[in-house]
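Here is a quick walk through one protein model, written for someone with the structure open on the screen. Take a look first, then read on.

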Amino acid sequence: MKRLLYIILYIASVATASAQVKVTGRVTDLHSKPVSDVIVKLTSGTKTLAFTSTNVKGEYGLELKSAPSGEVSFLFNHVSYEKESKKLTLKEKAIKVDMVLTPKEVSLKEVTVKPDPLKQRGDTLSYNLASFLKKGDVTLEDGLKNLPGISIADNGAISYMGKGISDFYIGGLDMLGGRYNLATKNIPAEYATQVDIMKHHKHRKIDADEESDAVAINIKLSKKAQFKPFGQPEFGVGMRENKLLYAAGVTEMLFTDNFQLLASGKYSNNGNFGLYDMVNHNGGDSFGSLATNKLPGWGQVGSGVGESIYRRNGYGSLNAIQKIDSVRQIRVNADYTYERMNSSASSEAYYFAGGENIYIAESITPLAKAHRPTLNMKFENNASNHYFSDTFSAKAQFLTNESPSLTCPERGNDVVLNSQHRDATSINLNNNLWTTIRMGKRKLSFTSNVEFIRTPEVLMLMNENAQRGQSSQLNTRHGTSLQIKLGRKWKIDMPVSLTANYNFIETELTKPDIAYQSQRMSGWKLVPSINPSISWTSADKKLYSSMGLNMKLLNLNYLSKYDDKRTTLSEVFAEPHVFLRYTFNGTSELTFSSGFSNAAGDILDLLTTPVQINYRSTSAASGVIGKSQSWSSDIRYTKQVPFSYFTFGANASYSQGKRNVLSSRIVSQAATESTSIFRDSHSRSASGGINASKNILPLFTKLSANADVSWGSSEYMMQSRFVTSYHTGYSMRLQADVTPFTWLEANIKGDYGKNFLRANSSNQSSDNLRFTGSLAVFPIPTIEIRSTCNFMHDMIEPDKYKDVSMLSASVQYKTKRAVWKLTGENLLDVRQYTRTSFLDTDRFVHTTNLVGRTMMLTCKLLLASK
């Protein structure tokens, strides 16, 4: 009997022990020294599961009778350090959770002890933004530009070490998607306390064990920017070319732990005001259709220097995100944008026509107006063992183009006036569903995307000719994927998908001197595919490799309604691909990718009836489905030394391709005809580059350098002659942001580029030099006086160059509640800019008319609830 009792007690103790979960860890500061008396609390939702405190060695231990289901939170709290937390799922009996704490900023009379400017935790770098801010910085974007490895393009796109960010979070929530300019250009820099740069980022928690090369940014706001609304009314007035300029706008924001709201509206006839606020860096706002792609509009004339486009733009945007619980959230984005642009320029074209140049001079004054309403709604359930999201979007665009032109077909001939007008309306409806569940070592996913695009009419009036077009598209793609883990090193993925697209397009050309020309086509494109792959990760996690083979069956079936001609294609394609990544240590890694791909044309390849795309050019397809093959490889090396604020990157790539059709063009004084012929064409390209940046914090200095080289070849027909062209290009950029004194800031940037073009007996080259220098003086901390000089040295003709200098200046006055700024652009009133460009073997000399001297006074108010 005693023996039986012992057995029962032993079994009970083993069962109890097996259910227990032990958590241990060590808490240190930024210098790896232990921190005692830290309160460590383990919670699940609002329920506290266990708590303890660290000993003199910074160590702690917690025990749970059973493993909690779902995600839990570890909270670390100390009176002298910032609060920290970590979320994870307890799947093992024993787990170790370490933490590094950051000291709080403590004021002692006139002595201020500040936290370190940087801390690192795994793949996340956390920057204390205040350590990098300069006196003249106003917006969050101004502050981000100062961080190591961060670069921001003119349109606001953020990249880290040359790679664009995948997600932009504010307090852990992605409210704006790709429209993060609304935040970076409107949130005051002083309201952001910390910027987290997350390498190898995985947005979906269920993908925590997946490989990723994505980079994301998370902004943590100060307490004064949380839990209470704040806003920024803006207004401005100015003069340009004896015309009154005006600007007005307001942005209201609210950020809490579970709810965020950003509403903004701006309108101005000065193009720089709110110009890039509504850019969607994920793309998709300005969408195309079959009809608009076949009958494109006429764009504005850019100069590459100064401002050449007169703009009147406005927008209204409402964005909100509600966090329902720890895994579920819903997001709504509603926008409307309006833009009116006009410019003017002249050009001289030298077409290489079989050994003789055809000269055509032209002057244009394009005008474009666009209205774009959009609505996006997204529901997401982002748990660690399952994922679900559904995104619906509705977009429309109403476009009007005019591009009257004056042409002189030959030197000394009479000038001819040509009129051009285009109207186009399109709508786009899209729904994207994605769900994934984890079943032990297996992960099953299902995706479904349905898109409808309709263009009821594109109308183009060119002199006495009328070109019309309409199209409809129903695009669907459904897929499922099964992932199986084979131990800790191997993983197998088996995605299967079906793409089914229905296309319809009709074109109609009316000319007074020829018969009515039209074509009407419709049909289906079906592509089932399977893309099995296998991946391996070394035991030390340094080497990751994967390879796969994408196999797809392309089926095309199109019918021409007027001649009852049916075109079909059924072909199998195989596309192998491989990826390698080796991590040398925590600061550097090497990646390599290579793959083979196939592509086929669409219904537009079968529109053999000519369409007119401008007053002198027509285009016709070959009637043959274009097929292409390409192979490409890419290798990249990145190195960063976070606490030395140094980053370095290098990359090289190569690709070659083959198509079964060859582009052909015939140019005359009267017209240009473009088409394709049934003949193989080949292309090759190679490129390489390096980049580096270094921050010197004591001097508030950032140095960066970039250098790139490219080479390529292509084949085409010109004037019924076969041409092979070769292109080589070099470019280099050096930039320095220096603060030698507390009252002086300097920015210097230089760009140089040179291009060579060789085709048959033609050899041409061009080069350009850009220099930008900016100097800011702070007579008192609240006043900034800044001047900027731009110098351009460009080749116009062989051995002939033109130099242009431009000057701008501004005076800014900052108070706690307002920022006043007086800006003067193009103070030297430079009205023209000339440059040379090449398209294959053709040379173009462009003279662009620039926007004249502009003076603008703006005021930005900061209103916050008390």
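Two strands count as paired if DSSP finds at least two bridges between them. Keep that in mind, since several of the spots below are about strand pairs, and remember that this is a predicted model.

## How far to trust it

The protein chain has a mean pLDDT of 87, with 94% of its residues at 70 or more. Residues 1-19 are a stretch to treat with care: pLDDT there is below 50, and the model gives this stretch five contacts beyond near neighbours in sequence. Residues 106-113 also stay under 50, with seven contacts beyond four places in sequence.

## A hairpin with an odd residue

Strand 41 (residues 627-641) has partners worth a look. Strand 38 (residues 588-600) runs antiparallel to strand 41, and 13 bridges join the two. One pair to click on is S594, whose bridge partner in strand 41 is S633.

Strand 41 also pairs with strand 42 (residues 646-659), again antiparallel, over 14 bridges. V641 stands opposite F646 of strand 42. The hairpin made by strand 41 and strand 42 has four residues between the strands, and Y645 there takes a positive phi near 55°.

## The five-stranded sheet

Now for an open sheet of five strands, in the order 11-12-17-18-16, with mixed pairing. Strand 11 (118-121) and strand 16 (167-170) sit at the edges; each has a single partner strand, so one side of each has no neighbour in the sheet. From one strand to the next, the twist averages 15°.

At one edge, strand 11 and strand 12 (residues 124-128) run antiparallel and are joined by four bridges. Look there for L118, which stands opposite Y127 in strand 12.

## The small sheet and the core

There is also an open sheet of three strands, ordered 13-14-15, with antiparallel pairing. Strand 13 (150-152) and strand 15 (163-164) are its edge strands, each pairing on one side only. Three bridges join strand 13 to strand 14 (residues 158-160), and I152 stands opposite I158 in strand 14.

I158 turns up again in the largest nonpolar core. Which of its 44 residues touch the most other members? They are I158, F168, I187, I217 and I219. Strand 18 (residues 215-221) supplies the largest share of this core, four residues. Leaving out residues up to four places away in sequence, I158 touches a list of residues including L144, I150, I152, I165, F168, Y180 and I217. Another core, of 21 residues, lies apart from this one, and V27, F76, Y81 and V97 are among its members.

## Two polar residues to zoom in on

Q470 lies in strand 32 (residues 465-486). Its side chain makes a polar contact with the side chain of R454 at 3.0 Å, and the Q470 side chain also makes one with the side chain of E506 at 2.8 Å. Beyond four places in sequence, Q470 touches A291, R454, T455, P456, E457, F504, I505 and E506.

S347 is in strand 24 (residues 345-353). Is S347 buried or exposed? Its relative accessibility is 18%, and buried means under 20%, so S347 counts as buried. Setting aside residues up to four places away in sequence, S347 touches I360, A361, E362, V845 and H846.

Note on methods
Residues numbered from 1 in each chain as written. Predicted model: local features only at pLDDT ≥ 70, side-chain atom pairs only at ≥ 80, totals over all residues. Heavy atoms only, no water. Axes fitted to C-alpha atoms, helices over the stretch in contact; angles between N-to-C directions. pLDDT = per-residue confidence, 0-100. Contact = heavy atoms within 4.5 Å. Core = buried A, V, L, I, M, F, W, Y, C linked by side-chain atoms within 4.5 Å. Buried < 20%, exposed > 50% of the residue type's maximum accessible area, 1.4 Å probe, protein only. Polar contact = N/O pair within 3.5 Å; in protein donor to acceptor, adjacent residues only side chain to side chain.
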